[in-house]
Amino acid sequence: MPEETTDVLQTAIDQALQADRPRLAKYLSIETVAAKHLGIDETVSVIEQAFQELGAVVTVWRDIPGSNPFVFATLPAGPQGNADKTLLFYNHYDVQPAEPLAEWDSEPFRLTEKDGRYVARGVSDDKGELMVRLSAVKALQNAGGLPCNLKFIVEGEEEVGSPHIQPMTEKHAADLAADAIIWETGGKDADENFQVTCGVKGIVSFNVTTKSAESDLHSSLATFVDNAIWRLVQGLATLRGPKGEVLVDGFMDGVKPLTPTEQAAIDQLPFNEAATRQNFGLKLPLLADRPAAALVNRPSITINGISGGYEGDGLKTVLPKQARAQLDCRLVPGQDPRHVAELIQQQLEKNGFGDLHVSYNQGEPAFRSDLTDAFVQTAIATAHEVYGDAVKVVPNAGGSGPQAPFAAAVGAPIVSIGSTWAGSGAHAPNENVRVRDYAQATRYTARVLQNFGQS
C-alpha cells in the first residue's frame, strides 16, 4: 500500500477514535446484563443510532420468540470498493454482571482511563470491540470509502449462552449471507503476540443433583448415614483424573483428528506460565504439560459450583438431604453436547452413582475454520503487516460461542480478532483494554477490510 494512502488512513483513524470516545463511554455506561434483564432496550437504541450515524440501513429483529432483539445493519461498498465482496461482523451487546462490586477500583459502568488502559465492564467483552469496528468504518469512509460491503449482526444474549442464535440464523440466513465472518473478540497473548483465532471450543452445561433423605438430619448420625454433599462430590470425583483428564467412556468418540496445518499451528503456540500465574493469581500446579495445546484441542470437565446444606454464619451441624452442582465440559470438533451429557449420566451409573441425576442446561458445538482458506490467510497476512512478527495463528479459542450455527447458515470462514490483551480480565472486576491496543486494533480492522476488498 502506498505510504501516502497509509498516512491518510492513519489520520482518519486517529480522528475517528477521538471523535468516537464519547460514544464508547455512553455505550459502556449502560448496565446491559441479559441475566438480569437490564438495559436491553436502551442499549439497542444506542447501537441503532450509532449505525445510522454511519449511514447504515438498520433493522432491529424482534421476530424470534423469547429472544432479546438482534440489531442488523448493512453498509454498501464505496464508489471505489468491491461490491462483489461482503463481510459480516458478529458482536454482542450484553455483558456479564459487575459483581463482586467491592473488587472494582472504579465504577464498573463508567469508562475510566487509568495507566494507559480503558477500564469498564464490557470494554473488552464485547462492547468495546463493536466500537473499534465502527471507528474503523468511519475512518475508511473518510479515507476513500468502504472497500467492500459490510453487514453487522449484534445480539443481546451471548453471556447467557446465545439460546436464540440458531433459530435466528436459520430464519435470516439470506440476510446474513457473506463471504467471510469476523467474530466478536480477540487480541494479544501473554507474550504480546497478536492472535488470529479461527474457531471456538464447544460447551455443554449441566446440573448434577442427588437426594439422600427426606429431611436434613443431625450430624451425629454421620457415623452410619451418608449425606447428599458427600455423595455428590464422591460421584463427581470419578469423572476426572488427577491431571484433569475426563474419565467418561465414549467421551472422545467422533473427535476430529487435527489436520497437519492445525497441528503445525498448535505446535508454534507459546505459553507464558509466569505471566499467566501473575495475571490470574494462580495457586495450584498446572494440569497440562502443554497448556497452549490443551487450550485449543483438549476437552475438559469442571465444576462451576456446588450448593447444599447449611452455608450461613455460625454453626448448624446437619447432614444435608440434597445437593446440587453445576458443571460444564469444553468440547472439541466432533463432540455433540447432548450426547456428552448422556454419556456422563451413563458413567455415573456405571461407577455406582445412579442416584446422581444429570440435567442438561444448554450446549454449543465446536467450530474450526479451514486454516488454508483465503480469508484466513488474508487476516494472517494483514496481522503481520500491522503487528510485525509477533503474530500467532490459533486454530480455535479455549472459550465457546455460537459460531457453528453461523457457519451452517452462512457457509463462510470465521476469524476472531480484536483489542484485548492477556490482562484484560473479561468477566472479572476491573475489565480493561490498553488504549494503544484499542487504537492498533482499529487500524488492523480497517486494513483487513481493505485487503479483503482487493483480494
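Helix α12 (residues 403-410) is followed by G411, whose phi is positive, near 65 degrees. Helices (H or I, at least four residues) and strands (E, at least two) are DSSP runs, numbered from the N terminus. The model is a predicted one, in which local features need pLDDT of at least 70 and side-chain atom pairs count only at pLDDT 80 or more, whereas totals for chains, interfaces and linings use all residues. Residues are numbered from 1 along each chain as its sequence is written, and side-chain values use heavy atoms, with hydrogens and water left out.

Of the 8 residues of α12, 6 are buried, so this helix is largely enclosed by the rest of the structure. Here, buried denotes under 20% relative accessible area, exposed over 50%, and partly exposed the range in between (1.4 Å probe, protein chains only). The buried positions of α12 are Q403, A404, P405, F406, A407 and V410.

Burial is also found in helix α10 (residues 337-350), to which L348 belongs. L348 counts as buried because its relative accessibility is 0%. Its C-alpha lies 7.7 Å from that of L239, although 109 residues separate the two in sequence. When neighbours within four places in sequence are left aside, L348 is in contact (heavy atoms within 4.5 Å) with V208, G235, T238, L239, F353, G354, L356 and V358.

Two packed helices are described by the angle between their axes and the distance between the axes. For helix α11 (residues 374-387) and helix α13 (residues 435-454), the axes come within 9 Å and cross at roughly 135 degrees. Axes are lines fitted to C-alpha atoms, for helices over the stretch in contact, with angles running from 0 to 180 degrees between N-to-C directions. The two helices are therefore oblique to each other; angles under 35 degrees count as roughly parallel, over 145 as roughly antiparallel, 65 to 115 as roughly perpendicular, and the rest as oblique. The crossing of α11 past α13 is right-handed, that is, the near helix is turned clockwise from the far one by less than a right angle. On the α11 side, F375, T378, A379, T382, A383, E385, V386 and Y387 take part, and they meet Q440, A441, Y444, R447, V448, N451 and F452 of α13. The residues of this contact divide into 9 nonpolar, 4 polar and 2 charged. In this classification, Ala, Val, Leu, Ile, Met, Phe, Trp, Tyr, Cys and Pro are nonpolar, Asp, Glu, Lys and Arg are charged, and the others, Gly among them, are polar.

A salt bridge joins E385 to R447, with the closest N and O atoms 2.4 Å apart. This pair links distant parts of the chain, E385 in α11 and R447 in α13, 62 residues apart. E385 counts as partly exposed at 40% relative accessibility, whereas R447 is buried, with a relative accessible area of 3%.

The count of salt bridges (a side-chain nitrogen of Lys or Arg within 4 Å of a carboxyl oxygen of Asp or Glu) comes to 17. Among them, the side chains of D20 and K138 meet at 2.5 Å, N to O. D20 in helix α1 (residues 3-28) and K138 in helix α3 (residues 127-141) are 118 residues apart, and D20 is buried at 5% relative accessible area. K171 forms a salt bridge with D63, the closest N and O atoms being 3.4 Å apart. K171 is in helix α4 (residues 165-171), while D63 is in the loop between β1 (57-61) and β2 (70-75), 108 residues apart. D63 is partly exposed, its relative accessible area being 29%. In addition, a network of salt bridges links K188, E192, R434 and D437.
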